[in-house]
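Please look at the sequence and the 3D structure below before reading on. The briefing is written for someone who is meeting terms such as helix, strand and salt bridge early in their studies.

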Amino acid sequence: MTAAPTSFERSARKGLMAWASLLVGAVFIYGAYTVDPQRNCDETGRECAPWLVPVAGIMGWCITAMALGQLWANPRQGYAIDAQTGDLAWWKNRTSRSIGDMGRIHPSRIASIRIIQDDGMTLSLIGEDGERLAFFDEELVPWPCDSWAEQLQSAYPHILIEKQG
């Protein structure tokens, strides 16, 4: 029997998505302020869309504002094994002002881990009552999800891994 995965946490400031959104928003803003709407035409002058420049600016400001909001709030998600109880505890959308969504369960009460691979990969924990455990999904575990599931299964052999797709 091997050790269970101990803990994992990710946040907006450490993740790529908020920073990439900030960069995309800045590019749209830059384009809106540097492209002349009246010269935004093809060589013949027939296909002209001057309205696209302000739309790009508005989109850029919105994307930038959303990215800065994520970086400022810095929502965190992850899981940890409670050293005292042995429970698997998880959280999502935790910020400095909010505890976010969370749950906990002892691994002995986990019946299976469902992994569905279609366009992406989704992971769900299924309790012994057959119900999916709320708020626990692939965002909480390190990539790849299936190796995390196998590590948890090796520590708790009663857990089944259901792969679909």
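What follows describes two helices, one sheet, several salt bridges and two residues with an unusual backbone angle.

The structure is a predicted model, in which local features need pLDDT of at least 70 and side-chain atom pairs count only at pLDDT 80 or more, while totals for chains, interfaces and linings use all residues. Residues are numbered from 1 along each chain as its sequence is written, and side-chain values use heavy atoms, with hydrogens and water left out. Helices (H or I, at least four residues) and strands (E, at least two) are DSSP runs, numbered from the N terminus.

**Helix H1**

- Helix H1 covers residues 16–34, and its 19 residues should span 27 Å at 1.5 Å a residue, which agrees with the 27 Å between its end C-alpha atoms; the expected span of a helix is 1.5 Å times one less than its number of residues.
- The buried residues of H1 are Ala 18, Gly 25, Ile 29 and Ala 32, where buried means under 20% relative accessible area, exposed over 50%, and partly exposed in between (1.4 Å probe, protein chains only).
- These buried residues cover an arc of only 60° around the axis, which puts them on the same side of H1; the arc is that of the directions from the helix axis to the C-beta atoms.
- An α-helix has 3.6 residues a turn, so residues three or four places apart point the same way.
- On the face of H1 turned away from its buried side are the exposed residues Leu 16, Leu 23, Val 27 and Tyr 30.

**Helix H2 and its packing**

- Helix H2 (52–73) packs against the buried residues of H1, and the buried residues of H2 in turn pack against H1, where contact means heavy atoms within 4.5 Å.
- With 22 residues, H2 reaches 31 Å from its first C-alpha to its last, close to the 32 Å expected at 1.5 Å a residue.
- The buried residues of H2 are Val 53, Ala 56, Gly 57, Gly 60, Ile 63, Thr 64, Ala 67 and Leu 71.
- Seen down the axis of H2, the buried residues fall within an arc of 135°, so they line one face of the helix.
- The face of H2 turned away from its buried side carries the exposed residues Ile 58, Met 66 and Trp 72.

**The sheet**

- An open sheet of 4 strands has the order S1-S2-S3-S4 with antiparallel pairing, and two strands pair if DSSP finds at least two bridges between them.
- Strand S1 (7–11) and strand S4 (101–105) are the edge strands, each pairing on one side only.
- S1 and strand S2 (residues 76–81) pair in the antiparallel sense over 5 bridges, and Arg 10 has Gln 77 as its bridge partner in S2.

**Salt bridges**

- A search of the whole structure finds 6 salt bridges, a salt bridge being a side-chain nitrogen of Lys or Arg within 4 Å of a carboxyl oxygen of Asp or Glu.
- Asp 82 forms a salt bridge with Arg 104, with the closest N and O atoms 2.9 Å apart.
- Asp 82 lies in the loop between S2 and strand S3 (88–94) and Arg 104 in strand S4, so this pair ties together parts that are 22 residues apart in sequence.
- Asp 82 is partly exposed at 24% relative accessibility, and Arg 104 is also partly exposed, with a relative accessible area of 45%.
- Asp 82, Asp 87 and Arg 104 are linked in a network of salt bridges.
- Glu 128 forms a salt bridge with Arg 109, the closest N and O atoms being 3.7 Å apart; Glu 128 is exposed at 57%, whereas Arg 109 is partly exposed at 44%.

**Positive phi angles**

- Most residues other than glycine have a negative phi, and most peptide bonds are trans.
- Asn 74 has a positive phi of about 50° although it is not a glycine; Asn 74 is placed in the loop between H2 and S2 and counts as buried at 11% relative accessibility.
- Asn 93 has a positive phi of about 55° and is likewise not a glycine; Asn 93 is placed in strand S3 and is partly exposed, with a relative accessible area of 43%.
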